[in-house]
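Reader: I should like to understand the reasoning behind the terms applied to this structure. Please show it first, and I shall then put my questions.

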Amino acid sequence: MFEIIDRLVKYQDLNDEEFISLLNCTDVAAMEYLTHRAREVCDRNYGRKVYIRGLIEISSYCKNNCYYCGIRRGNAKAERYRLTKEEILDCCDHGWELGFRTFVMQGGEDNYYTDELMCEIIREIKSRYPNCAVTLSLGERGEESFKRMYDAGADRYLLRHETANTEHYSKLHPKEMSLEYRKKCLFDLRKIGYQTGCGIMVGSPYQTTENIVEDLHFMQKLKPHMIGIGPFIHHRDTPFADYPNGSVELTIKLLSILRLMFPKVLLPATTALGTKDPYGREKGILAGANVVMPNLSPVATRKKYSLYDNKICTDSEAAENLADLKKRIKAIDYEIVTDRGDSLCE
Ligand code: SAM
């Protein structure tokens, strides 16, 4: 296994058989070596820095019905809310004071947020804070819509592809949703000029090791600037309520593999990882992740943005969460920095 890991470091690639044996490997010493090599590569590119992004969950309304997601259209128990332009700007004001230089607006696919409204919000954020970066994570929209928001000043877009395998995609999503269109959105975003992020849930229902290898190949084609991965965590009011959660170990391993395949990519240690394991985010950073996304949403709405059960950081204020996070990152000998933290990928 050690030679396979060395080959991955050297060539940033492996053949499918090697990827599969690495993904299935449980040897503790080999896994420690993998995370160590990944961390080395991350330190060489980004230093011992961890970038923070202020996450603003703008809407829990969603027109989609993804089987895994707590805010799916069909969940009658989901509490719905949407933030007004003023509420979003208040979150940014607060975030700016705390040192955030990237604002991520994420939400369900909600037609309330027309291109006009999104462009107005983006322009206002950019005019108040000319040095900040604006990231969007609003799901699938048309190429024209992506372009208008980019022209209004948006810098980055996160759209997990969820799985690169058509059959697997159809087990996670209803018929009206298509993997082909989701992939097209990602290539459109990249072409327009966004720093583009894709990603998957690790251990989503029906996922096979071969599916993950397909995901890696898709990422090689897309060449993303950011990759968001976190364990699948079931939500009690979805069709996948009784499916097992994804594994922290596999998520950590995959973070290291991604770091070695894409040395310059921005790789978050996600909230889902921190939810599944109290030290998940620290473990993710030590395995090659270099971004964390603390929640800047108003405390009153956080519990309503319930994608999966027991999501962390829904109770305390952003300032309190950030102070705690800074301490925790310092304890593993890394430092939270407040620059924009653009991707070094081309
Ligand atoms: N609507 C936008 C989209 O589709 O990209 C952004 C919001 S969506 C809720 C953000 C991400 O949450 C999804 O891409 C998915 O991977 C993740 N997610 C949803 N349900 C989840 C679950 N049960 N466990 C872990 N992650 C989940």
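Reader: What makes the approach of a polar backbone atom of I233 to a nitrogen atom of the ligand a polar contact?

Author: The model is a predicted one. In it, the polar backbone atom of I233 is 2.7 Å from a nitrogen atom of the ligand. The cut-off for a pair of N or O atoms is 3.5 Å, and the pair with I233 is therefore called a polar contact.

Reader: How much of the ligand's accessible area does the protein cover?

Author: On its own the ligand has 560 Å² of accessible area, and the protein covers 92% of that.

Reader: How do you know that G107 and R160 make polar contacts with the ligand?

Author: For G107, a backbone N or O atom lies 3.0 Å from a nitrogen atom of the ligand. For R160, a polar side-chain atom lies 2.9 Å from an oxygen atom of the ligand. Both distances fall within 3.5 Å, so both pairs qualify.

Reader: Which residues come nearest to the ligand, and of what classes is the shell composed?

Author: The shell comprises 18 residues, of which Y68, G107, R160, E162 and I233 come nearest. By class, ten are nonpolar, five polar and three charged.

Reader: Why are R53 and R156 counted as charged in the lining of the largest cavity?

Author: Both residues belong to that lining, and Arg is classed as charged, so they account for the two charged residues there. The lining also has eight nonpolar residues and one polar residue. The volume of this cavity is about 90 Å³, and the structure holds one cavity of 30 Å³ or more.

Notes:
Residues are numbered from 1 along each chain as its sequence is written. This is a predicted model: local features need pLDDT of at least 70, side-chain atom pairs count only at pLDDT 80 or more; totals for chains, interfaces and linings use all residues. Side-chain values use heavy atoms; hydrogens and water are left out. A residue is near a molecule or strand if one of its heavy atoms lies within 4 Å of it. A polar contact is a pair of N or O atoms within 3.5 Å; within protein, one must be able to donate a hydrogen and the other to accept it, and residues adjacent in sequence count only if both atoms are side-chain atoms. Accessible areas come from the Shrake-Rupley method with a 1.4 Å probe; for residues, only the protein chains shown count as cover. On a 1 Å grid over the protein atoms alone, a cavity is a set of points where a 1.4 Å probe fits but cannot get out, and a pocket is an open set with protein on both sides within 12 Å along at least five of seven lines; lining residues have an atom within 4 Å of a point. Grid points are joined across faces, edges and corners, and a volume is the space filled by probe spheres set on the points.
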